[in-house]
Amino acid sequence: MAYVDFYDAFGNLELMVMNLVETIAYSMTFSFLWLIRCSNLLKLVIHVIKKDMVERKFENLEEERIYYNYNFISKIFSYGSIVGMFITVVLLYLRPLVYLLTFNQAPRNNTKSFMLPYRIHPFFDISNTHTYILMYLYLFPMIYFSVCHMAAICLMVILVFHICGELSILAYRIRHIKEYSQTMIVDRIRSFVRMHLKIIW
């Protein structure tokens with residue numbers, strides 16, 4: 001329905017831009033969620049990372065500190081982003097109610113007084129209050145989709161920060177290779193190569 005609204009607004013640059021901002025965002029949301037839901041490779045990566053986190057063995061406290069520093073950053077980003085997105089989407093959804101309460105002097109039978117929370121083209125007349133309320137409630141699940149979009153982005157960020165933590169631990173081990181005896185260096189290098197191959201897999 002948003003694409004039909006874009007077609008209706010075609011020619012008016014301001015309305016086209018406003019429509020495209022929402023339409024592209026929600027198109028990205030649906031495609032992103034579909035990709036995450038159907039990607040077998042991503043499921044495998046998540047499974048491997050979960051297994052790796054359970055079986056993780058740090059060699060010393062510094063490695064643990066390095067890894068959990070990245071983990072903490074990803075958690076802060078995730079919590080902040082999801083809460084911020086939820087607040088933004090709820091405010092966007094409540095915008096028409098604020099508009100109706102603020103401009104209640106507008107005539108009730110005018111369709112301009114009934115603004116929907118998202119730019120869509122309703123295929124029926126929403127000048128009736130009952131129809132408008134039903135249409136307004138029909139758009140409520142868009143809040144969930146928006147939060148899911150942010151959650152999907154946060155999932156990617158968590159995966160990236162996990163890999164960053166792994167690479168930082170590997171870099172730390174390489175920097176401190178001189179602490180081991182000459183007989184152990186070959187085994188250490190072999191373990192570094194294995195760890196690096198596992199990370200970039």
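Visitor: Is R95 buried, partly exposed or exposed, and where does R95 lie?

Guide: In this predicted model, R95 has its place in helix α4. Its relative accessible area is 32%, and buried would mean under 20% while exposed would mean over 50%. R95 is therefore classed in between, as partly exposed.

Visitor: Which residues does R95 touch, not counting residues up to four places away in sequence?

Guide: Y118 is 23 residues from R95 along the chain, and the C-alpha atoms of the two are separated by 9.7 Å. When residues up to four places away in sequence are set aside, the residues that R95 touches are E22, M115, L116 and P117.

Visitor: Which residues does Y118 touch, with residues up to four places away in sequence left out?

Guide: Y118 is one of the residues that touch the most other members of the largest nonpolar core. Leaving out residues up to four places away in sequence, its contacts are E22, Y26, V89, L92, Y93, L139, M142 and I143.

Visitor: Which residues of the largest nonpolar core touch the most other members, and which helices each supply at least two residues?

Guide: This core has 15 residues, and those touching the most other members are Y93, L116, Y118, Y132 and L139. The helices that each supply at least two residues of this core are α4 (61-102), α5 (129-138) and α6 (141-175).

Visitor: How many residues make up the second, separate core?

Guide: Apart from the core just described, there is a second one, and its members include Y172, I177, M195 and I199. The number of residues in this second core is ten.

Visitor: What pattern does the protein chain follow when it is read along the sequence?

Guide: The protein chain has zero strands and seven helices. Read along the sequence, the pattern is accordingly written with helix symbols, as α-α-α-α-α-α-α.

Visitor: What span should helix α2 have, and how far apart are its end C-alpha atoms?

Guide: Helix α2 covers residues 13-38, which makes 26 residues, and several of them are buried, among them M16, N19, Y26 and I36. Because a helix is expected to span 1.5 Å times one less than its number of residues, α2 should span 38 Å. This agrees with the separation of its end C-alpha atoms, which is 36 Å.

Visitor: Why does the salt bridge of R188 and E59 tie together parts that are apart in sequence, and how many residues separate them?

Guide: The closest N and O atoms of R188 and E59 are 2.9 Å apart in this salt bridge. R188 lies in helix α7 (residues 182-200), whereas E59 lies in the loop between α3 (40-54) and α4, so the pair ties together parts of the chain that are distant by 129 residues in sequence.

Visitor: Which of these terms, buried or partly exposed, applies to R188, and which to E59?

Guide: The relative accessible area of R188 is 10%, and that of E59 is 38%. Since buried means under 20% and partly exposed lies between that value and 50%, R188 is buried and E59 is partly exposed.

Visitor: How many residues apart are R190 and D187, whose side chains meet in a salt bridge?

Guide: The side chains of R190 and D187 meet at 3.0 Å, N to O. R190 counts as partly exposed at 43% relative accessibility, and D187 is partly exposed as well, with a relative accessible area of 47%. Both lie in helix α7, with a spacing of about one turn of the helix, which is three residues.

Visitor: Which residues are joined into one network by salt bridges that share partners?

Guide: A search of the whole structure finds eight salt bridges, and one of them has the side chains of R56 and D52 meeting at 3.0 Å, N to O. Both R56 and D52 are buried, and E166, in helix α6, counts as buried at 7% relative accessibility. The residues joined into one network by shared partners are D52, R56, E166 and K198.

Visitor: Which residues make the nonpolar surface patch of about 390 Å²?

Guide: The protein chain exposes about 13,600 Å², and carbon and sulfur atoms supply 70% of it. One member of the patch, V83, lies in helix α4. The residues that make the patch are V83, F86, I87 and L91.

How values were computed. Residues are numbered from 1 along each chain as its sequence is written. This is a predicted model: local features need pLDDT of at least 70, side-chain atom pairs count only at pLDDT 80 or more; totals for chains, interfaces and linings use all residues. Side-chain values use heavy atoms; hydrogens and water are left out. Helices (H or I, at least four residues) and strands (E, at least two) are DSSP runs, numbered from the N terminus. Buried means under 20% relative accessible area, exposed over 50%, partly exposed in between (1.4 Å probe, protein chains only). A nonpolar core is a set of buried Ala, Val, Leu, Ile, Met, Phe, Trp, Tyr and Cys residues joined through side-chain atoms within 4.5 Å. Contact means heavy atoms within 4.5 Å. Patches are made of residues with over 30% relative accessible area and no salt bridge: like charges are joined within 9 Å, nonpolar side chains (Val, Leu, Ile, Met, Phe, Trp, Tyr) within 5 Å. Accessible areas come from the Shrake-Rupley method with a 1.4 Å probe; for residues, only the protein chains shown count as cover. A salt bridge is a side-chain nitrogen of Lys or Arg within 4 Å of a carboxyl oxygen of Asp or Glu.
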